[in-house]
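This report describes selected local features of one chain. Please examine the sequence and the structure shown below before reading on.

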Amino acid sequence: MEKNRKSPWKILIVDDDPDVHEVTRIAVSGCVFEDRPFELLHALSAEDARRIFSEEEDIAVALVDVVMESDTAGLGLVSWIRSELQNEFTRLILRTGQPGYAPQTDVIMKFDIDGYAEKAELSRTKLITAIVTALRGYKLVMSLETNRQKLKQLNAHFAAIVEKNALSDFAAAVLTEITQLIGEPIGCFLCGLDALPDYGIIDKSNVRILAAMGDFADKTDLPIDMLGDAAIRTSVHECIEIMSSSSSHRGVALPLVTRNGMTGALFLAMPEAELENLVGSEVVQLFVANVALGYEKTGLLEHIRNLAYVDRTTGLSTFSGFIETFQRHAAKHASLLVVHLDIQRFRVIVDGIGDEKAGAVLKKTGHRLAQTFPDALSIARKEKDEFLILLKDGKDNRIQDVVERVEDAFHEPIALDDTQITLRMRLGFAAVGDGEDQEAEQLVSHASIALNDVRQKGLTNHAVFHPLMQEAAFERLRLASLLTGGRDKTEFTVHYQPIMQARDNTIASFEALMRFRTPSGTFLNTGRMIEAAETSGLMSEIGSWMFKSAFAEFSEIPTVSDQTRLNVNLSPQQVQANRIYKDIEDSASAAGLPFTRLVFEVTEGLFLNNDQVTLSLLTWLRNKGAKVVIDDFGTGYSSLSYLRKLPVDGIKIDRSFIMNMDQDPDALAVVKSIVAVAQALDLSVTAEGVETDGQRKLIQELKCDYLQGFFYSKPLSSNDLVAFLQKDAVSGLVVR
């Protein structure tokens, strides 16, 4: 560009007299206009001139003799230049040594020329004056033409710029366009906010580089304050602050002034005057104004997109954004893996620290997931405490790798002010192989079903989708519908199974067991109905009915002494519900049943995470006089060592050990160990599943406290229970 700016002014001498050429050369020798010398071109005829005009560009001025090979050769050349060559820019000065051939007034009126003089009148001074005047005219018309061409270029390309729907793409297109207008590569960047200001508050310190070229190419996405050049930082901040151009020795910053409060600037590493000289001040102003409009429009579109695709709590993708990313990659028939995660006990966390801090926990959780899975195609927050990760490759070893990475990521607690919160994640997986077609929502649904399987069973922290899980989910839904089916609604009843004193076969307690009966009188599978009730969120309602009905019914059964207890089961969903305190207390009070006659059975899974909600409830029950025992002990995550730390009074050994102990030495060894530890900790031991006299005798020899099973009685309805008690003398049972 330096060479172009210093290039000489091309001046063509058209005259058939060689002496005129020489005199003109001597006259203008050494002349310089605006730091550019004169370069003379020579034609001895109009024909020579036509050839030179066809070969040469940028001829600024032509001094044309009127009479050459013909009396009007010069006039014909002028007409040819303007009409046929369509050159409207070269300034034309006619010279004549024979003025009578072409009257001056007629020529000036008829031909597009800038001067007409007799050769004898053109002294050196007048000649140079005429040439410089013509050069100024040439410069003006060329400036207008340059502006016209650049405006035409802007009009042709700006539509493509404003079609960009992402700020980064828009900014890159702007930089490409400005360098094309300037005509050479240049260091430049466009900076601004990457979103609309929240609630109208403009944070001008949050301005970052959206796109950059040249020396600034590696600065994309950096905040302006991280630029090393203080002069550039100052120019940009001043430009944004005063919303006007700001120059320094490093370049010029041009403001992007919008109506909606978005803040931005275009920085060019060149002096402002040089920019206007190369492009034109009007073009620069128009360009910047259009860029500002495009910046506003694109920013608004990106803001709308962010509302749809960026989760405001965590900064991760939304579910909609996740689905879009999935569809884009699925279209390539890639192997994909969907991971659906949630946070165990998140409701407890919310209750403990409040919604605002819980939001901070979710944000930190999302940040850890993003750090842990830089290879993820998408990480999204689905809802509440649920997250989704989209990864390539769904093979089994990939799944194990994901589980290990998540466990490692949350090994360290999350710090929140002065609180340390340890999170445990549950994961559900679903995969689609290479070349397989799969809808995004369907695969996410499969991953959710796998996660629900983890929630239901609680045996591990992850599961991989299997079609049988979906069948089980449909079955739970069907069974849940039987609980809320209106006229065909399932009837709830309570059955009772005696629990015997091992030392003397007297009845110590009755366990209240829920039963579900259809209107036709058919009993449904209790375990599956309980699972369906928990899945559908009905367990608290059903549990409340159970407390009220069992307590009232049991208190009215004749011949049951005031020393006989009633055992009732608590499900995990019930324990987590705040209403359980009132449900238990109101039901016991209405039935006139003291807490000292109640035993509450809980499963081991409730203690896995040392849940304070669970511990608080069990402590409250014991303080009220009730007993607490661990049901089905020996399965799942059993640990004898934690027994001494829990607010419990006893354990019930799972029936699977009792039923096999007289045939399986390993089962017998387990039972012996459990009994020995429980006795050492002063905990009562109940053996479930006693079905034979041999099992009874073994248990009695081990000095278990209580026995329960079909050997004594199956669960009985309240009517059958009365009959059972009336026959106690015959059966050898005694009611305590």
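## The environment of Asp15

Is Asp15 buried or exposed? The model is a predicted one, and in it Asp15 is buried, with a relative accessible area of 0%. The cut-off for a buried residue is under 20% relative accessible area. Asp15 lies in the loop that joins strand E1 (9-14) to helix H2 (18-28).

Leaving aside residues up to four places away in sequence, Asp15 touches Val20, His21, Ala43, Leu44, Asp65, Met68 and Lys119. One of these partners, Met68, is 53 residues from Asp15 in sequence, and the C-alpha atoms of the two are 6.8 Å apart in space. Within the loop, a polar atom of the Asp15 side chain lies 2.9 Å from the backbone nitrogen of Asp17.

## The chain as a whole

The chain has 736 residues, of which 48% count as buried. Its secondary structure consists of 25 helices and 27 strands. When contacts between residues at least 6 apart in sequence are considered, 66% of them join residues at least 24 apart.

## Met514 in strand E20

A second buried residue is Met514, with a relative accessible area of 9%. Met514 belongs to strand E20, which spans residues 506-517. With residues up to four places away in sequence set aside, Met514 is in contact with Phe492, Thr493, Thr526, Ile542, Trp545 and Met546. Met514 and Ala550 are separated by 36 residues in sequence, and by 9.2 Å in space from C-alpha to C-alpha.

## The faces of helix H9

Which residues of helix H9 are buried? In this helix, residues 272-279, they are Leu275, Leu278 and Val279. Viewed down the axis of H9, these buried residues fall within an arc of 80°, and therefore they line one face of the helix. Ala273 and Asn277, on the other side of H9, are exposed.

The residue that follows H9 is Gly280, which has a positive phi, near 105°.

## Packing of helices H10 and H11

Two packed helices are described by the angle between their axes and the distance between the axes. For helix H10 (residues 281-309) and helix H11 (residues 319-330), the axes come within 6 Å and cross at roughly 95°. Angles from 65 to 115 degrees count as roughly perpendicular, and H10 and H11 are therefore roughly perpendicular to each other.

On the H10 side, the contact is formed by Arg305, Ala308 and Tyr309, which meet Ser320, Gly321 and Glu324 of H11. By character, the residues of this contact divide into two nonpolar, two polar and two charged.

## Positive phi outside glycine

Where is Gln86 found? Gln86 is in the loop between helix H4 (73-84) and strand E5 (91-96). Although Gln86 is not a glycine, its phi is positive, at about 55°. With 61% relative accessibility, Gln86 counts as exposed.

Asp632 is another residue other than glycine with a positive phi, in this case near 55°. Asp632 is found in strand E23, which covers residues 627-633. The relative accessible area of Asp632 is 27%, so this residue is partly exposed.

Notes. Residues numbered from 1 in each chain as written. Predicted model: local features only at pLDDT ≥ 70, side-chain atom pairs only at ≥ 80, totals over all residues. Heavy atoms only, no water. Axes fitted to C-alpha atoms, helices over the stretch in contact; angles between N-to-C directions. Helix = DSSP H or I, 4+ residues; strand = E, 2+ residues; numbered from the N terminus. Parallel < 35°, antiparallel > 145°, perpendicular 65-115°, else oblique. Contact = heavy atoms within 4.5 Å. Nonpolar A, V, L, I, M, F, W, Y, C, P; charged D, E, K, R; others polar. Buried < 20%, exposed > 50% of the residue type's maximum accessible area, 1.4 Å probe, protein only. Arc of directions from axis to C-beta. Polar contact = N/O pair within 3.5 Å; in protein donor to acceptor, adjacent residues only side chain to side chain.
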